Amino acid sequence: MVPEDEVYGRIGEAGFARLVAAFYRRIPSDDLLGPMYPRHDLAGAEQRLCDFLVGRFGGPQRYIARRGHPRLRMRHAPFPIDASARDRWVALMDAALAEAALEPDSAATLRAFFADTASFLINRG
């Protein structure tokens with residue numbers, strides 16, 4: 001694993017773009033998560049996630065400049081996130097990480113962040 005603030009320097013915009021695109025390709029056909037994502041805004045959701053991750057991991061702070069503080073729990077509160085949804089999200093992101101073929105140390109840092117953050121966002125028993 002590498003420090004979180006070094007991931008952007010290692011994988012750059014292209015790495016984050018590949019990762020997020022690979023994740024969002026899986027969403028429309030997913031029976032659990034697909035319904036949570038408005039079809040008309042998939043491109044917007046993809047851009048927001050990419051901007052968030054770039055800023056969170058050492059790159060330009062576009063997300064904060066456009067949307068302010070991430071307030072992840074508040075922004076995800078309308079969606080029913082239980083343990084099953086969390087596990088599915090992590091599984092889809094793990095598959096996206098494999099597809100994006102990022103360098104292993106950065107992928108490990110991202111994988112740990114995704115698992116922890118997905119758990120933090122559970123809002124249903």
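Is R86 buried or exposed? I looked this up before anything else and found R86 to be buried, at a relative accessible area of 16%, where buried stands for under 20% relative accessible area, exposed for over 50% and partly exposed for what lies in between (1.4 Å probe, protein chains only).

I note that this is a predicted model, in which local features need pLDDT of at least 70 and side-chain atom pairs count only at pLDDT 80 or more, whereas totals for chains, interfaces and linings use all residues. Residues are numbered from 1 along each chain as its sequence is written, and side-chain values use heavy atoms, with hydrogens and water left out.

**Salt bridges**

I then turned to the partner of R86, which is D87: the two form a salt bridge (a side-chain nitrogen of Lys or Arg within 4 Å of a carboxyl oxygen of Asp or Glu), with the closest N and O atoms 3.1 Å apart. D87 is partly exposed, its relative accessible area being 43%.

The structure holds 12 salt bridges, and I looked up several of the others. E4 and R56 meet through their side chains at 2.4 Å, N to O; this pair links distant parts of the chain, since E4 sits in the segment before α1 (7-26) and R56 in helix α2 (residues 42-56), 52 residues apart. For helices I kept to DSSP runs (H or I, at least four residues), numbered from the N terminus. Both ends of the pair are partly exposed, E4 with a relative accessible area of 30% and R56 with 35%.

I also recorded a network of salt bridges that links E13, D51, R62 and R66.

**α1 against α5**

The side chains of R26 and E99 form a salt bridge at 2.8 Å, N to O. R26 belongs to helix α1 and E99 to helix α5 (residues 83-100), so the pair ties together parts that are 73 residues apart in sequence. R26 is partly exposed at 21% relative accessible area, and E99 is partly exposed at 40%.

I next examined how these helices pack, and found an angle of about 130° with axes 8 Å apart, the axes being lines fitted to C-alpha atoms over the stretch in contact and the angles running from 0 to 180 degrees between N-to-C directions. The contact (heavy atoms within 4.5 Å) is made by residues including L19, F23 and R26 of α1 and W89, L92 and E99 of α5.

Key
Helix = DSSP H or I, 4+ residues; strand = E, 2+ residues; numbered from the N terminus.
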